[in-house]
Amino acid sequence: MMAGDMFASLVGALVSDAAAKENLALASVFGASFSGAIQALRRKRLEEARDILIEDVKIGNKDLNDAAQIEDVIACMLRYGRAAQEGAARLNLRLLALTINGMYSRSRLISDEFMYFSDTLSSLRREEAIILGVFQRHVFKLQDPANRREEGFEIQKEVIGEIVPAYIGTVEEFYAYCGSILRTGFLELVNGFGGSFYITTPILDRLSKYASIESALSREAAKKETEL
């Protein structure tokens, strides 16, 4: 079986089975009509998750003969499917899919590394993703990301200039979202010359090896345009 087919099949089979079991439990409590509505919603989410996976995971004809690799693939697919069941937005699913793609393109999937990022990426709000994506791009342009603290105040000014008010209404809202992003470990608050500022961390650098957050945002925006 081609690797891409295996990814899609794993999502469909493993996650649908879990959803079916949950729906049986719901039926005994809330009745058949409610269970049917839940089943339809979950089916829609799984179909969207499958489509995103097929769109964004381009692993060609690589063989998956390594037993350890197959285990990692299954673990990643289960986590991806769980995010779909839990109602993760399409943007979040696309971030997960692009991370899977980036990991596999670089070498191979490592489930521990993917699990490290999956909970965080699944929980990001769109505004938080926008902020992180712009920060990610500006830091990536540095000759040496280790200099981010020295240039952090200027980087933050540039990020604010791009985001406010185009995507986030006020600077106060920008700072509020940055404060919320601290939970992810992707940003840190630094006290430096000119005052405090937010800057990215080496943890976001690790994610940057695999996925661009702005790429996920642009791909999702393009997908929505085609659906209008």
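In this predicted model, the largest pocket has a volume of about 370 Å³. Its lining is made up of 18 residues, and those that lie nearest the centre of the pocket are L91, R126, I130, L217 and A221. Three helices, α4 (90-106), α6 (126-140) and α10 (213-227), each contribute at least two residues to this lining, and the largest share, 6 residues, is supplied by α10. Sorted by class, the lining of the largest pocket holds 8 nonpolar and 8 charged residues, together with 2 polar ones.

One of these helices, α6, also takes part in a contact between helices. How do the axes of α6 and α8 cross? The axis of α6 and that of helix α8, which spans residues 171-181, come within 10 Å of each other and cross at roughly 85 degrees. Because angles of 65 to 115 degrees count as roughly perpendicular, α6 and α8 are described as roughly perpendicular to each other. On the side of α6 the contact is made by E127, E128, I131, L132 and F135, while α8 brings F174, Y177, C178, S180 and I181 to it. The residues of this contact divide into 7 nonpolar, 1 polar and 2 charged.

The two groups of residues described so far can be set out by class as follows.

| Group of residues | Nonpolar | Polar | Charged |
|---|---|---|---|
| Lining of the largest pocket | 8 residues | 2 residues | 8 residues |
| Contact of α6 with α8 | 7 residues | 1 residue | 2 residues |

A single residue of α6 can now be followed in more detail. F135 is found in helix α6, and is it buried or exposed? Its relative accessible area is 0%, and because buried means under 20%, F135 is classed as buried. Leaving aside neighbours within four places in sequence, F135 is in contact with I155, Q156, V159, F174, C178, L187, Y198, I199 and T200, and F174 and C178 are also among the residues that α8 brings to its contact with α6. F135 and E214 are 79 residues apart in sequence, and their C-alpha atoms are 9.9 Å apart in space.

For the protein as a whole, there are 10 helices and 2 strands, and read along the sequence they follow the pattern α-α-α-α-α-α-α-α-β-β-α-α. Of the 228 residues in the protein, 44% are buried. Among contacts with a separation of 6 or more, 72% are accounted for by residues that are 24 or more positions apart.

Key. Residues are numbered from 1 along each chain as its sequence is written. This is a predicted model: local features need pLDDT of at least 70, side-chain atom pairs count only at pLDDT 80 or more; totals for chains, interfaces and linings use all residues. Side-chain values use heavy atoms; hydrogens and water are left out. On a 1 Å grid over the protein atoms alone, a cavity is a set of points where a 1.4 Å probe fits but cannot get out, and a pocket is an open set with protein on both sides within 12 Å along at least five of seven lines; lining residues have an atom within 4 Å of a point. Grid points are joined across faces, edges and corners, and a volume is the space filled by probe spheres set on the points. Helices (H or I, at least four residues) and strands (E, at least two) are DSSP runs, numbered from the N terminus. Ala, Val, Leu, Ile, Met, Phe, Trp, Tyr, Cys and Pro count as nonpolar, Asp, Glu, Lys and Arg as charged, and the others, Gly among them, as polar. Axes are lines fitted to C-alpha atoms, for helices over the stretch in contact, and angles run from 0 to 180 degrees between N-to-C directions. Angles under 35 degrees count as roughly parallel, over 145 as roughly antiparallel, 65 to 115 as roughly perpendicular and the rest as oblique. Contact means heavy atoms within 4.5 Å. Buried means under 20% relative accessible area, exposed over 50%, partly exposed in between (1.4 Å probe, protein chains only).
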